[in-house]
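Here are some short exercises to work through with the model open beside you. Try each task on your own before reading its solution.

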Amino acid sequence: MISKIRKYQDSWLTKAILALTALSFMSLFGISGYVSSAGKNRAVIKVDNLEIMQDEMNVKLQDSIRKSQKMFGDEIDIDDNMRKDLLSALVKQNLTDMIIARQAAKTGASISDELIQQIIASQPEFMDVSGKFNPEFLRRQLSYFDMSEQEYIDNLKKNILSRHLVYSPVEGIIFPQFMNKYIAQIENQQKVFSYISVNPSALKIDRDISQEEIEQYYEDFAPQFEEPEKRDVAFIELKTKNLAKNIVPSDDEIEAYYQSNIAEYVTPENRTVLQMVFDDEASADEAMRSLQQGADFYSVAQEKAGQDRETTMLGAVTADSLLPELSQDVFDAKLNQIVGPINSEFGWHILKVVKITPKQETPLASVKSKIINTLRQEQAYDVAFETIASIEDAIGAGASLTDIANQYGAKLNLVKGLKEDGSYTSVNDKRYASLVSSSDFLDAAFSYNENEVTQTIETDDGFVFAAVTGIEDAHIKDLAEVKPDIIKIWSENEKSAIAQEIVNDIVADLDNGDDLSDIASRFNLKLATTKPLKRGEAFAKLNASQLIEAYQTPVGEYKLLSSGGITTVVTPIKTINQAVSENSSLLSNINTEMRHDLEDNLASELIDSYAKDMDVRIKYRLLGLED
């Protein structure tokens, strides 16, 4: 189960996005989380008694996409492959988190709030110039990464548990130094290969299929000629943003929002300050006398306090970010005024105000329209919930989809010939192509009888109701209709049989000691010879595991490798061993690379060993990862 999800490879963008979203258990938000029904919101990942629901996973994915667009711009193209890469990486990360959480519960491992507080307070990026923890610095960092304080705390706890249960046990593994030379020689070794390929599609058949064979194929392969059930489905979509247009927030609501978010609209006064600090009052007084006599602040700081220019520049500060002992005097001072000496727990301070940036406040009138839009979106979820409840009541009372469409002024759309695999004959509006092929829409379309209106089908920005308007039952196609398919199947089988006979003859000739070049000429096949290749370098369209098999084959022997119906006969004809100098970068890096590889493999094995004693389930189809 764990190894299956690891097959997905993260793209560079997926990894960048996960740098912001990894280990995050988000609160549900948005229409998909707000209006979901318990009957449809199913668990998609389960580890013992821990579950992640379908809606929660959808929210995580949408949040990751939103953060990716914030990082890289709205022009970033999140296509289906990127979406699947990102989703599978999120599934893998959350599955790992859940396994570690269960193992922590089994072993009684836990992280105290006091430890978390100590860790946060000790981070240099959250400290002011005096080395004191500043909550404002923490908030700025979290705001930049679009993360709440609770998320950050949860992330820390998960990281510590992961370090304790997974990575600490495998760290420090020793890879013997004497092996470096041998591994480097293997990495630097080259081989030359000769090969021929037998491709069935390139072969010719010297006869035509008979009518009797066509009829026999039709009988033998009848299930292949079944036309699956098709359905015509009408549907309407109601978008949350359209519901929001009719919402008119009151003046009191606008004022309340403005006041509760006043920090967004007010930039406090800040001052650019120079500072020198002394261990004793006498030294500070001496420096102050020099400044009062007209000496340059930077020169006095260097001569009297031993500070360079960078250390002396405290930078732009707000009243809240300064030590309490300094704040009042600094923010009462005039431009270019020197204050001090002032005593604090860090010593005696002398400060100079070199720039004053006044407080800036955006009045309510300037942001009123933006606040109205925000309130509309927030209140739209309540309206959406009420609208869904009203529609479902109407459905229960016998209302048709047409009745609902007329009541809400919604366009009635139609998809024809919809199959359970998501393919269809036509849809009246191409913008709905992804919707009608989604798992939620298909589940609803094939779960209701003709003319029944479905329950709510959620989308990213609204919700949908649908009704089946026609059903074509599954049936076996007529012989005349599938005759071209039968001829194609027969032709492929004939060519495969001929190809297999050729491969058998090639193997017999090789076993008899014939040369591969003579065999290629005899069967009119092209003989190819590679340039010298290092281990893993590609040729003949072989996959990674086949390349390993080819490279491990001794010179003079052969290997049959099959992929996509094509059989390739490979024989190494030459091995080139290249010396590795003692100063080679390959040799110097090999030990670190091997140690990291071993640590990663051992960490994965350790997580797998924890999971073996747990009930681990992943609903790949519900996640859209069934392939």
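**Exercise 1. A hairpin register**

Which residue in β15 is the bridge partner of Glu458?

Solution. Please keep in mind throughout that this is a predicted model. Start with the strands: β14 and β15 (residues 462–472) run antiparallel and are joined by two bridges. Now look across from Glu458, and you will find its bridge partner in β15, Phe463. Next, step back to the whole sheet, which is open and has five strands in the order β13-β12-β5-β15-β14, with antiparallel pairing. Finally, check the ends of that order: β13 (426–427) and β14 (457–458) are the edge strands, and each has a single partner, so one side of each lacks a neighbour in the sheet.

**Exercise 2. A three-stranded sheet**

Find the order of the strands in the open sheet that contains β1, and say which strands stand at its edges.

Solution. The order is β2-β1-β21, and the pairing is antiparallel. The edges belong to β2 (50–53) and β21 (616–618); each has a single partner strand, so one of its sides is left without a neighbour in the sheet. On average, neighbouring strands here are turned by 15° against each other, direction ignored. To fix the register, take β1 (residues 43–47) and β2, which pair in the antiparallel sense over four bridges. Within that pairing, Ile45 has Ile52 of β2 as its bridge partner.

**Exercise 3. Two helices with bends**

Compare the span of α22 with its expected span, then locate the kink. Do likewise for α8.

Solution. Begin with α22 (residues 479–511): its 33 residues reach 46 Å from first C-alpha to last, close to the expected 48 Å. The helix nevertheless has a kink of about 30°, centred on Asp485. Just after α22 comes Gly513, with a positive phi of about 95°.

Turn to α8 (residues 149–170), where 22 residues span 31 Å, close to the 32 Å expected. Its bend is about 45°, at Arg163. For the buried residues of α8, your list should include Tyr152, Leu156, Leu161, Leu165 and Val166, among others. A helix has 3.6 residues a turn, so residues three or four places apart point the same way.

**Exercise 4. Stacked rings**

How are the rings of Phe193 and Phe539 arranged, and which parts does the pair tie together?

Solution. A search of the whole structure gives nine aromatic pairs. In one of them, Phe193 and Phe539 are stacked, at 4.9 Å centre to centre with 20° between the planes. Phe193 belongs to β3 (residues 190–198) and Phe539 to the loop between β18 (533–534) and α24 (544–552), so the pair links parts 346 residues apart in sequence. Both Phe193 and Phe539 are buried.

For a second case, take Tyr218 and Phe225, which are also stacked, at 6.0 Å centre to centre and with 10° between the planes. Tyr218 is partly exposed at 22% relative accessible area, while Phe225 is buried at 3%.

**Exercise 5. A cluster and charges over rings**

Which residues form one aromatic cluster with Phe193, and which residue lies over the face of Tyr551?

Solution. The cluster consists of Phe193, Tyr195, Phe539 and Tyr551. Over the face of Tyr551 lies Lys191, at 5.3 Å from the ring centre. Elsewhere, Arg309 lies over the face of Tyr298, at 3.8 Å from the ring centre.

How values were computed:
Residues are numbered from 1 along each chain as its sequence is written. This is a predicted model: local features need pLDDT of at least 70, side-chain atom pairs count only at pLDDT 80 or more; totals for chains, interfaces and linings use all residues. Side-chain values use heavy atoms; hydrogens and water are left out. Two strands pair if DSSP finds at least two bridges between them. Axes are lines fitted to C-alpha atoms, for helices over the stretch in contact, and angles run from 0 to 180 degrees between N-to-C directions. The expected span of a helix is 1.5 Å times one less than its number of residues. The bend at a residue is the angle between axes fitted to the seven residues ending there and the seven starting there. Rings of Phe, Tyr and Trp (its six-membered ring) pair if their centres lie within 6.5 Å; planes under 30 degrees apart count as stacked, over 60 as edge-to-face and the rest as tilted. Buried means under 20% relative accessible area, exposed over 50%, partly exposed in between (1.4 Å probe, protein chains only). A charge sits over a ring if NZ of Lys or CZ of Arg is within 6 Å of the ring centre and within 35 degrees of the ring normal.
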